[in-house]
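Q: Could you take a close look at one part of this model for me, and then show me what is around it? I'm new to this, so please keep it friendly and explain the words as you go.

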Amino acid sequence: MPLIPNVGRDTFKIKFILIIITLFLWMGVFLHLFPVWYMFITSIKPYQETFKFPPTLWTREPTFIVYKLIYRITEQGSNVAGGGYGINYPFYVYLKNSFIITGGTMAIQIPVTALLAYSVSKLYTFRWSRFLFLLCIGLLMVPGTVSIIPRYLIIAHFPFPTRQIPNIPFTNIKFPNYKLINTYWGIILPAGFSAFNFLLFKGSFDAIPDELLNAARLDGASEFSIFRRIVLPISKPIFAVVAYFTFSSAWNQFLWPLIVLTKNKMYPLAVTLYRFQHTLMHQRGEMPTDPASLALLNQGIGINGLMGMSIIESIPVFIMFLIFREYLMTGIKIRGLK
Amino acid sequence: MKAKKDKERRFLQKKRVAWFFGIPGLIFVIIFGWYPLITGFYVSVSEISIFRPPEFVGLTNFKYFLDDYVFYTALRNVLYYSFLRIALTFLLPILVAILLMEMKKNVIRVMMILWFIPVASMAGILIWRWFYDIDYGLLNGILCTLGLPTLRWLEDPRLAMLCLVLPGLIMYGPGLIYIATIQSIPDELYEAAELEGAGLWQKIWHITLPRIRPIMAVMLILAIIGGMQIFSQPYILTEGGPARATYSVVMYIYDLGFQSYKYGLGTALAIILFFIIMALVVLQRKLLPENIDR
């Protein structure tokens, strides 16, 4: 409404402008939804039809064989499990991995970050809270990829960055250290604190008036019950927004699992899909050499399989979007960066 | 007297609870935030190999990149990518957000929901890989149907980088954060401007833009930081090719660290990248201050 006045809306020129704008916007919506449609239609095409040129936007003989990969993989495929590229296990294995990683990240990151943000915002004395705020926000200044190698080295023999583990003083016993490579902890723990979500939480907690909390304190409420009874209910929108962000960033992360995990059985969906497409795109036109993908091709699963898996990978994100939609649209105002 | 004592007790309890709430987070901040960063400086000046204890080598790792043509190629690529992405796709979400406000309330709602239906990011990249396919891809299919010559897309060194930016250009949508800000501008301002005879462009220029300017500055910084660290798109779509035309700095870090196990070199490169990004951010803030009038 703001730009084009309500009064002159029926003149020809303004009507024309409005129609152009409307078309432009719907076009944008269409272009966003089209890839999803194309992904879906490709996933139900028979294998041969995916290589038709020019490609069709519809299929005559839909087949849902691709979606059987969720719970089943060819016998030949499971024989070569552990070796080679692509998918060597039924798809639910990778789905489960993704859920473990994402669930673990959410279960640790959200409470840890929220509690720290709350205490920095409301509980510490001024000087402490200033110092701790800078300590947390400083991390936001440094891009994540900068510390990726040292983080890997630390994870490799946690908490020491090199193989040379020092002895406990005055003894001959080495300090305990843990190899977190090839474990889900190696992915979940480094994501235990998020500076960005800290900022969101703090901005939201800052907006809660101190008088409200002080009044509750005068009434004799303990700090715990203040947090639980007053702060949590007020902050529902920001928790929803952060939950959605945390979910999608944990679900979509690619580089870090690629580095930390080396066992095919442990890969989350993103890495599996990448390796699957890597195999497919590299042996197009010639027969595949590794038995797992050969078995898949014999079943009529190629690029349509990849697209089907993409659809499946997107479904949880979509469900989370539906759950938190209301808060994302309205509660987004809280996202002010200052 | 009693009140004072009570107050003191409260204060103590608050302090105790503060640390109780804060300690878990602080442990994570220190162990997984600052500790790797500090370790990074140590790793960058050492040579770390599996068999020998780490060895201090001074600035050798940094000097290595002075005449390393791969580094210069990668750096040029990410600068070009960031420039291209900002030039082509930075203003579009703002324009769409402004135009979206002209629609009726329920239309806005429907459009927003359809717009923000998410796809997993790997799936979003993979579908573009299939769109770009030379032999069976949709884009070449469209070109072919129109009777135009087909292109080699990701395999054409001149086109490859553009292909990485193109999804952002084609799939335009409003920026959520811009919508939030524009919504908070009171309508009276526009009405007042109208009474004074301001046209459409003048309203955008004098009312809307000044208010989203600080957010634009922040988004620009984020775009630079993100663009310089591009990894997934080139890694998946082009694998850095053709002929290193899309090879990015983070891909180089990844290759050094996790393919050739040269941890010192990789970390040194990461630190160099950090300082380059910092320099760009500082430059950006100098050129485009957040508040012009204050």
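A: What follows starts with one helix and its two packing partners in chain A, then moves on to the loops and to chain B.

A bit of bookkeeping before we start: residues are numbered from 1 along each chain as its sequence is written, while chains are lettered from A and ligands numbered from 1 in the order in which they are written. This is a predicted model, with local features needing pLDDT of at least 70, side-chain atom pairs counting only at pLDDT 80 or more, and totals for chains, interfaces and linings using all residues.

Chain A contains 14 helices and zero strands (DSSP runs numbered from the N terminus: H or I of at least four residues for helices, E of at least two for strands). Our close-up is helix 7 of chain A, which covers residues 195-206. Helix 4 of chain A (residues 126-141) packs against helix 7 of chain A at about 130°, with 8 Å between their axes. (Axes are lines fitted to C-alpha atoms, for helices over the stretch in contact, and angles run from 0 to 180 degrees between N-to-C directions.) Helix 4 and helix 7 of chain A are therefore oblique to each other (under 35 degrees would be roughly parallel, over 145 roughly antiparallel, 65 to 115 roughly perpendicular, and the rest is oblique).

Who does the touching here? On the helix 4 side of chain A, the contact is made by Cys136(A), Ile137(A), Leu139(A) and Leu140(A), and on the helix 7 side by Ala195(A), Phe196(A), Phe198(A) and Leu199(A) (contact means C-beta atoms, placed from the backbone, within 7 Å). Sort the residues of this contact between helix 4 and helix 7 of chain A by class and you get eight nonpolar, no polar and no charged. (Ala, Val, Leu, Ile, Met, Phe, Trp, Tyr, Cys and Pro count as nonpolar, Asp, Glu, Lys and Arg as charged, the others, Gly among them, as polar.)

Now for the other partner. The axes of helix 7 and helix 10 (residues 236-252) of chain A come within 10 Å, crossing at roughly 175°. That makes helix 7 of chain A roughly antiparallel to helix 10 of chain A. Helix 7 of chain A brings Asn197(A), Leu200(A), Phe201(A) and Ser204(A) to this contact, and helix 10 of chain A brings Ile238(A), Val241(A), Val242(A), Phe245(A) and Thr246(A). This contact between helix 7 and helix 10 of chain A has six nonpolar, three polar and no charged residues.

Let's step back along the chain to the loop between helix 5 (148-156) and helix 6 (185-188) of chain A, where Pro159(A) sits. Most residues other than glycine have a negative phi, and most peptide bonds are trans. The peptide bond from Phe158(A) to Pro159(A), though, is cis, with omega near 0°. Phe170(A) is in the loop between helix 5 and helix 6 of chain A too, and its phi is positive, about 70°, although Phe170(A) is not a glycine. Phe170(A) is exposed, with 6 other C-beta atoms within 10 Å (buried means 20 or more, exposed 12 or fewer, partly exposed in between, with C-beta atoms placed from the backbone). Asn182(A), also placed in that loop, has a positive phi near 65°. With 12 C-beta neighbours inside 10 Å, Asn182(A) counts as exposed.

Further along is Leu213(A), in helix 8 (residues 210-218) of chain A. Leu213(A) has 19 C-beta neighbours inside 10 Å and counts as partly exposed. Setting aside neighbours within four places in sequence, Leu213(A) is in contact with Lys122(A), Ile226(A) and Ile230(A). Across chain A as a whole, 38% of the 338 residues are buried. Of the contacts in chain A with a separation of 6 or more, 70% join residues 24 or more positions apart.

Finally, let's visit chain B. There, 84 residues are in contact with 80 residues of chain A. Helix 1 of chain B (residues 2-44) gives the most to that side, with 21 residues. The residues on the side of chain B that touches chain A divide into 61 nonpolar, 15 polar and eight charged. Inside chain B, helix 9 (residues 176-183) and helix 11 (residues 200-228) pack at about 135°, with axes 10 Å apart. That makes helix 9 of chain B oblique to helix 11 of chain B.

Conventions
Contact = placed C-beta atoms within 7 Å.
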